[in-house]
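Work through the exercises below with the model open beside the text. Each task is followed by a solution in steps.

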Amino acid sequence: MDDVDFRFMDFKDIVENLIVKDNSPSIPDAIDRLFTDIANINRESMAEIQDAQVEEMAVNLWNWAVTKRVAQIISEEQKAKLCHVACKLACMGEGSISSEKAIRRQILMTMKTGKVWVIVGNAMMADKFFQAAMASLEQLYVKLTQRSFTETQLTMQKIAVERDVFKVLSYQAESAVAQGDFQRASMFVLRCKDMLMRLPEMVKYLHSLCYNFGVETNKQNKYEESCFWLSQSYDIGKMDKNSIGPEMLAKVLQLLATAYLDWDDREYYDKAVNAINLANKEHLNPAGLFLMMKILLKGETADEGLLEAVLVILRLDMSLDFCLSIAKLLMDHERESVGFYFLKIICEHFKSSENIGRALLLHIDMLLKRNEELLAKEKIEEIIIGHQIGRRLTTELVGWLHNALWKKAARSFEVQNYTDALDWYNYSLRLYASDQTDLDLAKLQRNMASCYLNLKQLDKAKEAVAEAERHDPANIFTQFYVFKIEILEGNSDRALQAITNLENLLRDKETEDNDLRTDRSSHTMLFSLAAQFALENEQQIVAEKALEYLAQHSEDPQQVFIALKCLFRLALPKISQMLESENKKKEMDRLLACLNTALLKLAQPFDGETFTSDSRANEAHWFRKIAWNLAVQSDKNPVTMREFFILSYKLSQFCPSDQVILIAQKTCLLMAAAVDLEQGRKASTNFEQTQLLNRALKQIHKCKDIWNLLKETGDFSNDPCETLLLLYEFEIKAKMNDPSLDSFLESVWELPHLESKTFETIASLAMETPAHYPSIALKALKRALLLHKKKDSIDVLKYSKCMHNLINLSAPDGVSDAELCPLEEVFGYFEDALSLISHTASYPEMEILWLMIKSWNTGIFMYGRGKYVSAEKWCGLAFRFLDHLGSLERSYETQMNVLYSELMEAVDKNKDSRYNEE
């Protein structure tokens with residue numbers, strides 16, 4: 001067995017496996033495989049398989065495809081592929097001389113396979129099967145003529161074959177239409193039409209087929225083809241009026257008339273008229289009459305002809321709605337004289353109908369559209385009076401009339417004709433019953449109030465707003481008009497209450513409303529209108545509150561920024577003139593909250609088209625400067641000042657990091673850290689102090705990063721920022737007993753540019769409660785003293801102060817701590833001071849006195865400890881300082897000499913012990 005045989009055996013296995021499956025995910029792949037392989041299989045490749053086996057395989061596959069399609073297990077296209085395969089197999093399974101039964105089966109299978117290919121949209125594939133079906137029909141016809149039949153039997157057999165030929169021809173017509181081949185399609189249909197005399201039972205089928213062709217081609221704007229198919233459908237339908245009713249024939253003719261108009265309403269106008277007249281003769285219905293009127297209007301029929309046509313319609317007892325649709329059609333085609341006359345007749349003809357209001361309302365609508373306002377108002381009066389005395393309109397019609405009146409009022413309002421707008425609103429108001437409650441009534445009162453306000457009729461506006469508030473108090477638009485009334489009456493407190501009520505309502509729920517002149521997509525626009533109205537009426541405080549609410553609720557960032565800028569421009573001049581008070585604090589807190597709102601909006605993602613990065617930076621610049629200025633004005637309130645500086649820093653982060661911004665950021669953080677540090681010094685609890693100091697430390701670290709960036713942009717050698725940061729960080733670490741303090745100082749000691757003042761400050765901070773680091777203080781003071789001495793010209797005053805602190809720290813009680821500083825080292829400090837005193841006359845006399853007393857007391861202390869040599873040395877040092885005292889020398893000289901003599905006598909008495917000092 002060759003490769004082809006093996007392939008067919010594989011094919012056979014796929015078929016057999018497929019038809020035993022109920023539902024499996026592999027079914028689509030199996031179908032595609034069979035459809036692909038059938039093109040490569042012929043009878044020679046199945047030489048070892050009996051015809052009966054091939055036939056059985058084909059029949060089983062066919063039946064499986066039909067069954068599974070009915071059960072919707074496979075798609076229509078998959079069914080087409082399986083029928084295709086089964087049909088090919090069936091044709092292969094027959095011998096060279098097929099039996100009559102086999103031919104009939106082939107005819108059935110090829111016809112149905114072609115049909116399903118048409119359904120799934122593959123008309124070219126379908127044509128091959130239809131041609132095969134025709135060939136099989138011819139073969140069957142030959143076989144039938146060769147058999148021994150009676151004439152009657154033969155005739156019946158021929159009719160059966162001809163019926164199948166008819167079906168194939170109709171299928172071929174469907175295929176041709178699908179391919180857009182009108183010539184072939186019309187040829188097939190005309191052949192079918194010729195066969196109808198012998199096959200009368202097929203009239204209805206062919207009639208429907210042509211109608212469907214007409215509908216389809218009409219949708220494709222192929223009007224000539226559509227007219228042909230619809231004409232054929234009508235002609236064929238007339239052949240069997242028993243099975244095709246007049247309603248269907250009228251439907252065909254109506255579509256034919258429409259197709260003629262769409263094709264060319266001038267050239268084929270008469271044909272359209274004939275078609276619709278035929279349609280109305282076949283079956284008179286509203287659709288046909290309406291189309292007839294459309295055709296007459298297309299043909300520009302004279303008014304007399306149109307009037308005659310509408311009177312015919314009226315005599316035919318058509319419904320009120322239909323008659324009104326004809327009237328509207330006339331109006332839409334600008335045949336107003338006939339249209340209004342017909343409306344008048346309609347109103348008279350249907351005056352007893354409960355739906356007569358529809359005719360009246362249409363009449364009003366037509367009059368309003370044509371600006372016939374006086375006539376319209378007469379009709380409105382007629383309807384309102386009838387409505388009030390019992391001829392009530394339906395709810396739907398009342399709603400329609402309200403809508404028409406409001407639209408008219410709105411147009412008058414837009415052109416600032418407020419009196420006319422009130423006239424239309426008053427008609428609407430009269431339609432409401434005295435006890436009727438409706439949210440639309442509140443809306444009507446608000447709109448009337450707006451008109452009164454524009455007419456400067458405040459009392460009437462108040463009445464309208466009061467009515468609106470009675471019916472719908474929880475409406476933001478009602479509160480808006482309450483607000484406007486209070487503003488106009490100059491009542492600021494009540495205006496503030498109204499704007500607050502409005503804000504509360506907006507916060508509680510999203511309110512839907514259709515009020516005039518309102519941007520329905522954003523009720524927050526009311527706050528903008530409120531602010532504008534308040535400013536126009538010199539109510540600045542109320543305007544500020546409205547702007548504040550607008551900024552809080554608006555989702556439009558640009559609107560928020562505009563509102564906040566207006567608010568700050570109003571508030572800042574007032575703030576700068578306020579004395580320190582609780583009111584000023586409240587105002588500062590409010591502006592702080594507004595700046596936070598700006599910060600939040602800047603942080604939100606924006607649409608790049610409406611709000612660019614440059615726009616964001618510009619807005620941030622403006623608000624950071626405001627925050628900075630407010631921080632400067634808050635110098636009496638450090639906590640508030642800190643908040644403004646921090647906000648200014650945060651806002652500046654949206655600006656490009658140039659030198660100006662970096663300097664501003666550095667200053668903001670430095671000031672904030674300074675405030676936190678100061679507050680930390682005053683904190684009443686350890687917990688509060690720790691929180692404040694930690695917060696300050698974070699600001700310092702951020703400031704360090706910015707300072708490092710800033711130094712890269714220029715020379716800042718005169719800027720004390722780095723020194724301040726160092727001192728702040730040292731103080732925080734010292735107060736918090738930070739274990740990293742020593743490692744922090746290691747880098748500080750190595751800094752070459754620090755001044756003596758910095759070291760003196762470190763020394764002071766090291767001993768400031770709760771810190772206690774004497775060794776650090778001592779080391780810092782030594783470095784400070786060294787720097788003083790290194791200067792070309794020593795600042796004696798600063799030197800004396802530093803020396804004082806160093807000696808006082810080294811020997812606080814007259815004797816030094818040996819671990820902290822040996823006494824000999826302390827003695828050296830005194831001698832350094834004495835040396836400078838000897839060479840300058842500007843050393844402060846009080847400092848010399850202090851040194852003298854300190855050295856004398858140390859000598860006395862040594863004497864008391866039995867250290868007589870040291871006592872003599874320290875007391876002698878004191879006399880050396882005494883020599884440099886000016887006016888104070890005499891005051892101390894006598895006393896010191898007496899004491900010194902007594903001291904020396906005591907030393908002589910204990911001279912043996914002088915040599916026993918350690």
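The exercises that follow concern a predicted model, and they go from the whole chain down to single residues.

**Exercise 1. Overall form**

Task: State how many helices and strands the protein has, and set its radius of gyration against that of a compact globule.

Solution:
- Step 1. The protein has 41 helices and zero strands.
- Step 2. For 918 residues, a compact globule would come out near 29 Å, but the radius of gyration here is 55 Å.
- Step 3. Along the principal axes, the C-alpha atoms fill a box of roughly 180 × 100 × 45 Å.
- Step 4. Of the 918 residues, 48% are buried.
- Step 5. The exposed area is about 46600 Å², of which carbon and sulfur atoms supply 49%.
- Step 6. Among contacts with a separation of 6 or more, 64% are between residues 24 or more positions apart.

**Exercise 2. Helix α30**

Task: Find the span of helix α30 and decide whether the helix is mostly covered or mostly open.

Solution:
- Step 1. Helix α30 runs over residues 638–652, which is 15 residues.
- Step 2. From first to last C-alpha it reaches 21 Å, close to the 21 Å expected at 1.5 Å a residue.
- Step 3. A residue counts as buried under 20% relative accessible area. In α30, eleven of the 15 residues are buried, so by this cut-off the helix is mostly covered.
- Step 4. The buried residues include M641, F644, F645, I646, L647 and L651, and also R642.
- Step 5. The cover over these buried residues includes α28 (582–603), α29 (613–633), α31 (659–682) and α32 (686–711).

**Exercise 3. Salt bridges between helices**

Task: For the pairs D127 and R184, K704 and E729, and E824 and K873, give the N to O distance, the helices joined and the exposure of each partner.

Solution:
- Step 1. The structure holds 52 salt bridges.
- Step 2. D127 and R184 meet at 3.8 Å, N to O. D127 lies in α6 (residues 123–146) and R184 in α8 (residues 182–195), so the bridge ties together parts 57 residues apart in sequence. D127 is buried at 10% relative accessible area, whereas R184 is partly exposed at 26%.
- Step 3. K704 and E729 meet at 2.5 Å, N to O. K704 belongs to α32 and E729 to α33 (residues 721–735), so parts 25 residues apart in sequence are tied together. K704 is partly exposed at 29%, and E729 is buried at 4%.
- Step 4. For E824 and K873, the closest N and O atoms are 3.0 Å apart. E824 is in α38 (residues 823–839) and K873 in α40, so this pair ties together parts 49 residues apart in sequence. E824 is exposed at 54%, and K873 is partly exposed at 31%.
- Step 5. Salt bridges also form a network, which links E544, K545, E548, K574, E587 and R590.

**Exercise 4. C875**

Task: Decide whether C875 is buried or exposed, and list its contacts outside the neighbours within four places in sequence.

Solution:
- Step 1. C875 lies in helix α40 (residues 868–882).
- Step 2. Its relative accessible area is 0%, so C875 counts as buried.
- Step 3. Beyond those sequence neighbours, C875 is in contact with S855, W856, G859, I860, Y900 and L903.
- Step 4. The C-alpha atom of C875 is 123 Å from that of I31, a residue 844 positions away along the chain.

**Exercise 5. Loops and surface**

Task: Locate the cis peptide bond, the positive phi values of N371 and E538, and the nonpolar surface patch that contains L316.

Solution:
- Step 1. The cis bond joins T769 and P770, with omega about 10 degrees. P770 is in the loop between α35 (756–766) and α36 (774–790).
- Step 2. N371 has phi near 60 degrees and is not a glycine. N371 sits in the loop between α17 (356–369) and α18 (373–388) and is exposed, at 57% relative accessibility.
- Step 3. E538 also has phi near 60 degrees. E538 falls in the loop between α25 (525–536) and α26 (540–553) and is exposed, at 75%.
- Step 4. L284, V312 and L316 make a nonpolar patch of about 200 Å². L316 is in the loop between α14 (303–315) and α15 (320–332), and at 33% relative accessibility it counts as partly exposed.

Conventions: Residues numbered from 1 in each chain as written. Predicted model: local features only at pLDDT ≥ 70, side-chain atom pairs only at ≥ 80, totals over all residues. Heavy atoms only, no water. Helix = DSSP H or I, 4+ residues; strand = E, 2+ residues; numbered from the N terminus. Expected span 1.5 Å × (residues − 1). Buried < 20%, exposed > 50% of the residue type's maximum accessible area, 1.4 Å probe, protein only. Contact = heavy atoms within 4.5 Å. Patch = residues over 30% accessible without salt bridge, like charges linked within 9 Å, V, L, I, M, F, W, Y side chains within 5 Å. Areas by Shrake-Rupley, 256 points an atom, 1.4 Å probe, with all protein chains shown as cover. Salt bridge = Lys/Arg side-chain N within 4 Å of Asp/Glu carboxyl O. Rg over C-alpha atoms; globule rule 2.2 N^0.38 Å.
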